[in-house]
Amino acid sequence: MTDAVPKIRLKGVRKAFGRKTVLKGVDIDVAKGESLVVIGGSGTGKSVLLKCIIGLLPPDAGSILVDGAEVVGLRGRERAEVRRKFGMLFQSAALFDSLNVWENVAFGLIEGRGMARREARAKAMDMLARVGLGADVGNLSPSELSGGMRKRVGLARAIATEPEILFFDEPTTGLDPIMSEVINELIVKCVRELGATAISITHDLGSARKIADRVAMLHGGNIVWEGPVAELDKSSNAFVDQFINGRAEGPIHVEVAAG
């Protein structure tokens with residue numbers, strides 16, 4: 001790591017739901033300005049890991065540090081101050097149907113930062129332009145948008161508050177290959193322009209290769225491999241090799257119910 005204090009550090013993070021243990025002691029550091037992509041199959045706990053970092057789920061054990069400060073257990077104003085550092089693009093974009101596009105983009109500015117509506121609208125329009133959407137889109141309702149447009153509006157909202165840390169939850173799910181590449185390029189562009197630290201979760205290897213500086217693979221509740229994205233195809237890790245090549249045979253077992 002280039003910084004003595006990682007932007008984000010996880011130590012021994014565990015999370016269970018009843019008898020099912022999803023995270024079994026995750027350890028990982030993310031440096032300031034780094035783009036980390038966490039890969040892994042469906043149901044391996046990627047989303048749970050992200051929600052623990054953001055604070056939407058409390059871990060059962062372990063430590064999560066942001067800028068060297070413990071965030072597990074924070075409440076009220078202290079938790080709100082940490083969340084001001086965050087921006088997130090949700091898997092389904094999660095736009096508010098009751099608000100038009102510019103109001104969605106400006107939501108954090110108005111509700112979270114107390115910005116006046118006129119100023120927030122101008123900022124929202126600027127953010128829409130940064131993700132390649134014209135001013136005419138600002139007055140549309142979310143129901144009038146295509147899937148790719150919804151993703152771009154979600155990205156505009158994520159960057160509107162100029163966060164220090166960006167989270168991307170399956171950013172290309174449900175998109176065709178061309179729009180997926182558009183979203184990947186926009187993510188790289190926006191992260192670089194903000195100088196932000198980014199954590200993404202995906203099973204889309206094309207997306208991972210495009211947006212990652214470093215990749216970590218989550219399996220069985222633990223990080224089984226991590227390294228620079230350039231080493232992904234030559235990791236010599238059996239789990240990674242099976243996953244990136246889509247092989248049925250290997251250490252990752254997929255149970256298939258008998259018909």
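**Cysteines, an open sheet and a buried arginine**

The count of disulfides comes to zero in this predicted model. Two cysteines can be placed by their accessibility. Cysteine 52 has a relative accessible area of 2%, and cysteine 190 has a relative accessibility of 1%. Buried means under 20% relative accessible area, so cysteine 52 counts as buried, and cysteine 190 counts as buried too.

The sheet comes next. Four strands make up an open sheet, in the order β2-β1-β4-β5, with antiparallel pairing. At the edges stand β2 (20-30) and β5; each has a single partner strand, so one side of each has no neighbour in the sheet. As a general point, strands of a sheet pair through backbone hydrogen bonds, in either a parallel or an antiparallel sense.

Within this order, strand β1 (residues 8-17) runs antiparallel to strand β4 (residues 61-66), and five bridges join the two. Two opposed pairs show the register. Arginine 9 is opposite leucine 65 in β4, while arginine 14 is opposite alanine 61 in β4. The residue number thus rises along β1 from arginine 9 to arginine 14 as the partner number falls along β4 from leucine 65 to alanine 61, in keeping with the antiparallel run of the two strands.

On its other pairing, β4 meets strand β5 (residues 69-70) over two bridges, again in the antiparallel sense. Here valine 66 stands opposite alanine 69 in β5. β4 and β5 form a hairpin with two residues between the strands, and one feature of its turn is aspartate 67, which takes a positive phi near 55°.

Away from the sheet, arginine 157 deserves a separate look. This residue lies in helix α6 (residues 147-160). What is the nearest side chain of opposite charge to arginine 157? It is aspartate 97, at 9.4 Å. A salt bridge requires a side-chain nitrogen of Lys or Arg within 4 Å of a carboxyl oxygen of Asp or Glu, and arginine 157, although buried, has no salt bridge.

The side chain of arginine 157 does reach a backbone atom: the oxygen of alanine 93, at 2.8 Å. Alanine 93 also appears among the contacts of arginine 157. With neighbours within four places in sequence left aside, arginine 157 is in contact with Phe90, Ala93, Ala94, Leu95, Phe96, Asn104 and Val105.

Technical notes: Residues numbered from 1 in each chain as written. Predicted model: local features only at pLDDT ≥ 70, side-chain atom pairs only at ≥ 80, totals over all residues. Heavy atoms only, no water. Pairing = 2+ DSSP bridges. Buried < 20%, exposed > 50% of the residue type's maximum accessible area, 1.4 Å probe, protein only. Lys, Arg positive; Asp, Glu negative; His and termini not counted. Polar contact = N/O pair within 3.5 Å; in protein donor to acceptor, adjacent residues only side chain to side chain. Contact = heavy atoms within 4.5 Å. Disulfide = S-S within 2.5 Å.
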